[in-house]
Amino acid sequence: MKFFIDTANLQQITEAQDLGVLDGVTTNPSLMAKEGITGEDNIINHYKKICEIVDGDVSAEVIATDFEGMVKEGEALAKLHKQIVVKVPMIKDGIKAIKYFSDKGIRTNCTLVFSAGQALLAAKAGATYVSPFIGRLDDISTDGLNLIAEIRMIYDNYGFETQILAASVRHTMHIIDCAKLGADVMTGPLSSIESLLKHPLTDIGLAQFLADYKKGNS
Ligand code: G3P
């Protein structure tokens, strides 16, 4: 299972990279705005900085919502760095753009996916990644994890190579459940990754080991 971090915050990206378990980064216009990154040039520079920090894939989202606009933006983004994956929204022109990019060998991440039907279309169009937003489904009392299970079954039935990128992950249980269901990738905040470390018995056990060492060596 690949671990992506879902942020445009360079410090958090660096911390996750330093942990040694990071496989990539996902961003979106809201995450960019949260870091105060505005204006085309600044956004482009920010993507380049992210690519310098991490070794893996970096999703960069198009802003256009028409086919020609998405193709123009996506081709420019893909040229920025070999790690860039063009993030395209799940809309009609988005599917056309994903098919276009796929035919050209440009990797894509189909975002804002909330149903199995949308995920099936994204795979048919040749998306590299599909991003079901599980946290946002949970927010409206719909089981986000069930969507991961449905997509896994559909992709396995037909051998689709599109990778399931569980997005809108909010906490450790989302990560663990996605791993059980066979999601290829999860993207979440740094806190969700770091929280996987924690267990009170680990802390108690370590304190005991150190105390016993001290007793024997003082
Ligand atoms: O990867 C998608 C993500 O950025 C959305 O997360 O927490 O805003 O639903 P959230």
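**Exercise 1.** In which sense do strand E2 (residues 24-26) and strand E3 (residues 57-61) pair, and over how many bridges?

*Solution.* This is a predicted model, in which local features need pLDDT of at least 70, side-chain atom pairs count only at pLDDT 80 or more, and totals for chains, interfaces and linings use all residues. Residues are numbered from 1 along each chain as its sequence is written, and side-chain values use heavy atoms, leaving out hydrogens and water.

Step 1. Strands (E, at least two residues) and helices (H or I, at least four) are DSSP runs numbered from the N terminus; two strands pair if DSSP finds at least two bridges between them.
Step 2. E2 and E3 are joined by three bridges, in the parallel sense.
Step 3. Within this pair, Thr-26 stands opposite Ser-59 of E3.

**Exercise 2.** Describe the barrel and the helix H8 that packs on the sheet.

*Solution.* Step 1. Eight strands form a closed barrel with parallel pairing, in the order E1-E2-E3-E4-E5-E6-E7-E8.
Step 2. From one strand to the next the twist averages 30°, where angles run from 0 to 180 degrees between N-to-C directions and axes are lines fitted to C-alpha atoms, for helices over the stretch in contact.
Step 3. H8 touches strands E5 (108-113), E6 (129-132) and E7 (163-166), and its direction makes about 175° with that of E7. Contact means heavy atoms within 4.5 Å.

**Exercise 3.** Work out how helix H4 (residues 67-80) lies against helix H5 (residues 92-104).

*Solution.* Step 1. Two packed helices are described by the angle between their axes and the distance between the axes.
Step 2. The axes of H4 and H5 come within 9 Å and cross at roughly 40°.
Step 3. Angles under 35 degrees count as roughly parallel, over 145 as roughly antiparallel, 65 to 115 as roughly perpendicular and the rest as oblique. H4 and H5 are therefore oblique to each other.
Step 4. H4 contributes Phe-67, Met-70, Val-71, Gly-74 and Glu-75 to the contact, while the H5 side includes Tyr-100 and Phe-101.
Step 5. The residues of this contact divide into six nonpolar, two polar and four charged. Here Ala, Val, Leu, Ile, Met, Phe, Trp, Tyr, Cys and Pro count as nonpolar, Asp, Glu, Lys and Arg as charged, and the others, Gly among them, as polar.

**Exercise 4.** Do the same for H8 (residues 144-158) and H9 (residues 172-181).

*Solution.* Step 1. Their axes come within 10 Å and cross at roughly 20°.
Step 2. That angle makes H8 roughly parallel to H9.
Step 3. Leu-145, Ile-148, Ala-149 and Arg-152 of H8 meet His-174, Asp-177, Cys-178 and Leu-181 of H9.
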